[in-house]
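Biologist: I'm new to this one. Could you walk me through how to read it?

Modeller: Sure, let's have a look together.

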Amino acid sequence: MTPELMIKACSFYTGHLVKTHFCTWRDIAHTNENVVLAEKMNRAVTCYNFRLQKSVFHHWHSYMEDQKEKIKNMLLRIQQIIYCHKLTIILTKWRNTARHKSKKKEDELILKHELQLKKWKNRLILKRAAAEESNFPERSSSEVSLVDETLKCDISLLPERAILQIFFYLSLKDVIICGQVNHAWMLMTQLNSLWNAIDFSSVKNVIPDKYIVSTLQRWRLNVLRLNFRGCLLRPKTFRSVSHCRNLQELNVSDCPTFTDESMRHISEGCPGVLCLNLSNTTITNRTMRLLPRHFHNLQNLSLAYCRRFTDKGLQYLNLGNGCHKLIYLDLSGCTQISVQGFRYISNSCTGIMHLTINDMPTLTDNCVKALVEKCSRITSLVFTGAPHISDCTFRALSACKLRKIRFEGNKRVTDASFKFIDKNYPNLSHIYMADCKGITDSSLRSLSPLKQLTVLNLANCVRIGDMGLKQFLDGPASIKIRELNLSNCVRLSDASVMKLSERCPNLNYLSLRNCEHLTAQGIGYIVNIFSLVSIDLSGTDISNEGLNVLSRHKKLKELSVSECYRITDDGIQITDSAMEMLSAKCHYLHILDISGCVLLTDQILEDLQIGCKQLRILKMQYCTNISKKAAQRMSSKVQQQEYNTNDPPRWFGYDREGNPVTELDNITSSKGALELTVKKSTYSSEDQAA
């Protein structure tokens, strides 16, 4: 064996030995790692299960704690409900007992006063009899004893609050007469609260200036409100107003003798005035200079139809402390005001919230823009008789948070204005857009998102149809709507009324006057508006069948069916049709207008007396078949009644017999003139008593 082979054999043996031992060591090491890894996995699984159990237990514990808290709150709530129910029962019993005692006390007091009044009347009868039988001075002993036993009917025994409530219904003249009855009545008429508000306008042709001065001198510390509207007084009389240091409201509108000098005396003596009405007087810039100097707390100011002050007078409003507390301003008819004048108002009266400008044909968009430059708090706006106002005005008013707007008779306002309303006035609640010919269905679609809208007046907007009203009612605006005037919207039909009954749960007042396409089916939908209390169906084709359906609505308080010539006596008589139901079921009816129903006769008045006990106002103009004698009898049952037997005007479209009029030329143009010449015969309860 050579050395090389020996080395090679040793190398092979050594390699084989190392390889054998390394493989053995590797197998042993791998086995140990698997055991360790298995132990670690077992411990990890055990730990995970423990944590999972802990988490589940925690959630279960929280859930149980919440359930315990809910049960505890529920028990407390049940206890509170039981306690409140007990209190309600106790309060109800106490209230019923108190009402019973109060009613019993009132009945006893009324009975006592009735007995006193009866004895007092007997005394008057005996006195009259004694005066008539002056030839027989000796009276019987029974009469003498009856007169001696009578007691005086003294209302001074009533509480002061009740006495004040009684005398508040009397005019100033009647209060003065009552004070002359006796000493007790004089004391009642001298209650301080009775002279807080004095209305001299109701007795302007009776009471002389001398008495006005003495009255103001006597009650100068109690007077808070004075009304001299239309009084023709001397300057000295107006000067006596300055003694009323606590005066808060003063109305001197339509007083031709009221001058700047009178205003000077009043401003010096009455610095606390809050409301001042100077409408239609002859004041000039001198008065305008006095307002900011003396009336620092002035809130309401009316300068309507005062045409003698100029733009310079409006500039004076910024003198001194200014009129920055002014909230209400009326500039109706002041056509002399220019754009610069409105700019002066904007600088001096930044807090204006309610603005009224009527009958002002010179009002333009530039005037409104100048006004709202600094008056951004305006919430109520009235523009009637301003034909030059256009869509630009709405764009200028976008900075104001309007809640009420009123435009009438304007042809330049279009659908574009309503797009501004939708975007800039989300809190708008009142919209009056009567007689605006440019308004179409698109305008109603723009109004549908207004969630606060409660009053909508679109009378004489003849371009509005069923589609526009449907789109309006599909929005949230229909939920809170309370008043809706759609008079003369001739394109509306029964489909609109059906939509109203579905989408307007809070509707109280509805006018569908002259909506020619309304039928008895539409009346059936009106009955489903349960909140409705007033409905105007004048000029429609409603007949006995429609009234028969309408009688199902038992909550109606006001109903107008004038110019509905198809209604006959069967509508009101208590038999088996139409208005028999109206008088038999609508017991809460207060106002009824049947003017122009020429087929009605005296029988309806008897039926109304039986069925409608609460009827207060009845209008029966152009009812040719109702006799004057029956109308006079009915006037004693209602507070106000309008009646005549004239032929119906030509624009009604029918004659006194209910037959259609063949010649209707120039009806529209003659309507206004005929309305002025129609004479109204009113038989009220006071006339009947007289």
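**Reading the model step by step**

Modeller: Let's start with the overall make-up: the protein has 25 helices and 19 strands. Keep in mind that this is a predicted model.

Biologist: How much of the protein counts as buried?

Modeller: A residue counts as buried when its relative accessible area is under 20%. Here that applies to 40% of the 690 residues. As for the outside, the accessible surface is about 38600 Å², and carbon and sulfur atoms make up 54% of it.

Biologist: And what share of the contacts links residues 24 or more positions apart?

Modeller: Among contacts with a separation of 6 or more, such pairs account for 72%.

Biologist: Let's zoom in on one residue. Is leucine 363 buried or exposed?

Modeller: Look at the relative accessible area. For leucine 363 the value is 0%, so this residue is buried. Leucine 363 sits in a loop, between strand E7 (354-358) and helix H12 (365-371).

Biologist: Which residues is leucine 363 in contact with?

Modeller: Skip the neighbours within four places in sequence, and you find Phe342, Ile357, Phe383, Ala386, His388 and Ile389. You can also compare sequence and space: glycine 385 is 22 residues from leucine 363 in sequence, with 9.2 Å between their C-alpha atoms.

Biologist: What about a polar side chain, say asparagine 285: where does it lie?

Modeller: Asparagine 285 belongs to helix H9, which covers residues 285-294. For a polar contact, look for N or O atoms within 3.5 Å. Here a polar atom of the asparagine 285 side chain is 3.4 Å from the backbone nitrogen of glycine 313. Leaving out residues up to four places away in sequence, asparagine 285 also touches Phe309, Thr310, Lys312 and Tyr316, among others.

Biologist: Now a whole helix. Which residues of helix H16 are buried?

Modeller: In H16 (residues 466-473), they are Gly468, Leu469, Phe472 and Leu473. Because these residues span an arc of only 130° around the axis, they lie on the same side of H16.

Biologist: What do the buried residues of H16 pack against?

Modeller: Their partners are helix H15 (441-447), strand E11 (455-457), helix H17 (477-480) and helix H18 (494-503).

Biologist: Can we follow that to H18? Which residues are buried there?

Modeller: In H18 you'll find Asp494, Ser496, Val497, Lys499, Leu500 and Ser501 buried. The cover over them includes H16, along with strand E12 (483-485), strand E13 (509-511) and helix H19 (520-526).

How values were computed:
Residues are numbered from 1 along each chain as its sequence is written. This is a predicted model: local features need pLDDT of at least 70, side-chain atom pairs count only at pLDDT 80 or more; totals for chains, interfaces and linings use all residues. Side-chain values use heavy atoms; hydrogens and water are left out. Helices (H or I, at least four residues) and strands (E, at least two) are DSSP runs, numbered from the N terminus. Buried means under 20% relative accessible area, exposed over 50%, partly exposed in between (1.4 Å probe, protein chains only). Contact means heavy atoms within 4.5 Å. Accessible areas come from the Shrake-Rupley method with a 1.4 Å probe; for residues, only the protein chains shown count as cover. A polar contact is a pair of N or O atoms within 3.5 Å; within protein, one must be able to donate a hydrogen and the other to accept it, and residues adjacent in sequence count only if both atoms are side-chain atoms. The arc is that of the directions from the helix axis to the C-beta atoms.
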